[in-house]
Amino acid sequence: MTLCNADVTGVREVAQGVYVLSFRNPEVARTVLPGQFLNLRVHEGLDPFLRRPFSVYRVEKDVVEIIFQVIGKGTAILAGKKRGDVVNILGPLGVPFGIGGEFTKAILIAGGLGIAPMPILGEHLRKAGKRVEIFVGARTVGQLALHHLKSPHVATDDGSRGFHGTVVALVESYFKEHPQTDAKVFACGPTRMLEAVSRFAQASFLPCELSLEGEMACGIGICQGCPVERINAERRYALVCTEGPTFDCTTIRLREA
Ligand SMILES: Cc1cc2nc3c(=O)[nH]c(=O)nc-3n(C[C@H](O)[C@H](O)[C@H](O)COP(=O)(O)OP(=O)(O)OC[C@H]3O[C@@H](n4cnc5c(N)ncnc54)[C@H](O)[C@@H]3O)c2cc1C
Ligand code: FES
């Protein structure tokens, strides 16, 4: 884990209000695993004071990329960064996705900005000899950020591109035509989508890991501000920042915020 300043190498808008920020950091580039995140201090001032967590999206040599949607102050400041500016990063943090194991096919399911960990995850899975099928859903075509995803299956809520409906409905219809038994599901996206993925995976007897992206403060297990309810466990809550953000879907109970 590192805590340091990194030089921004670029910021580009890749979909409506969605930006990719890249910065140079050889240590993170060398050590980060799919599903891990970085806690970024977005600037030197006091507002916003807290760091903001972002999944690692891609790594190219020494350069690390995150992808984010502008939803508030922190992400607006990040979107305004220029080449040569600095971001202060803490990470890589959190438990990565489990890409080892017996399965031969990986089913990646992303809703909205849930695409964030998917390019790096797909790359590591392919290197591990797994076949990868990726499903991406968004409200409408303008919100799709499909760069760096290989042959994605696409769903939009309004039918403006691909399957008309939710990404989970798309996965269900794909499975009807191509039943899979030797697969593992990896998903990231809004809570309601993750609940639907979890129900689908359990009904299909497939192992499934979910990446949770609720709000966080410290990112390192100190503030206790990121609980998720556990199922059948001695401790009732797990901390998303240190015990996640990736969880086996059978071990947690999700709640819509
Ligand atoms: C492990 C982890 C990984 C993440 N990875 C990514 C990523 O790769 N790309 C990305 O775009 N976002 C990601 N997020 C969410 C991201 O951290 C928030 O969008 C960001 O902190 C918002 O900061 P802000 O200052 O712009 O918004 P704020 O001003 O802090 O908030 C604006 C509004 O958005 C709400 N909000 C803030 N954070 C979240 C959230 N996580 N979920 C739902 N509503 C929220 C606030 O309650 C408020 O209403 C991740 C979160 C976690 C915990
Ligand atoms: S964010 Fe502080 S304990 Fe998880």
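**Note on strand pairing and helix packing**

1. Strand β1 (residues 2-15) pairs with β2 in the antiparallel sense, over 7 bridges. The model under discussion is a predicted one. In the register of this pair, A15 has V18 of β2 as its bridge partner. The hairpin formed by β1 and β2 has 2 residues between the strands, and G17 there adopts a positive phi near 70 degrees.

2. Strand β2 also pairs with strand β6 (residues 63-69), again in the antiparallel sense and over 7 bridges. Here R24 stands opposite V63 in β6. As to burial, 6 of the 7 residues of strand β2 (residues 18-24) are buried, so β2 is largely enclosed by the rest of the structure.

3. An open sheet of 7 strands follows the order β11-β10-β9-β8-β12-β13-β16, and its pairing is mixed. Its edge strands, β11 (163-164) and β16 (246-248), each pair on one side only. At the β16 end, 3 bridges join β16 to strand β13 (residues 208-211), and these two run antiparallel. Within that pair, L210 has F247 in β16 as its bridge partner.

4. Two helices merit attention in relation to this sheet. Helix α4 packs on the sheet, where it touches β8 (105-111), β9 (131-138), β10 (153-156) and β11; the direction of α4 makes about 140 degrees with that of β9. Helix α5 lies across β8, β12 (183-188) and β13, and runs at about 175 degrees to β13.

5. Two packed helices are described by the angle between their axes and the distance between the axes. For helix α4 (residues 167-177) and helix α5 (residues 191-203), the axes come within 9 Å and cross at roughly 20 degrees. Angles under 35 degrees count as roughly parallel, and α4 and α5 are therefore roughly parallel to each other. The crossing in which α4 passes α5 is right-handed.

6. The residues that form the helix contact can be listed. On the α4 side they are V167, V168, V171 and E172, which meet M193, A196, V197 and F200 in α5. By class, this contact of α4 with α5 comprises 7 nonpolar, no polar and 1 charged residues.

7. A further open sheet, of 3 strands, has the order β15-β14-β17 with antiparallel pairing. Strands β15 (237-239) and β17 (252-253) stand at its edges with a single partner strand each, so one side of each is left without a neighbour in the sheet. Strand β14 (residues 227-230) is joined to β15 by 3 bridges, the two running antiparallel. In this pair, P227 has L239 of β15 as its bridge partner.

Key: Residues numbered from 1 in each chain as written. Chains lettered and ligands numbered in written order. Predicted model: local features only at pLDDT ≥ 70, side-chain atom pairs only at ≥ 80, totals over all residues. Axes fitted to C-alpha atoms, helices over the stretch in contact; angles between N-to-C directions. Helix = DSSP H or I, 4+ residues; strand = E, 2+ residues; numbered from the N terminus. Parallel < 35°, antiparallel > 145°, perpendicular 65-115°, else oblique. Left-handed = near helix turned anticlockwise from the far one by under 90°. Contact = placed C-beta atoms within 7 Å. Nonpolar A, V, L, I, M, F, W, Y, C, P; charged D, E, K, R; others polar. Buried ≥ 20, exposed ≤ 12 C-beta atoms within 10 Å, placed from the backbone. Pairing = 2+ DSSP bridges.
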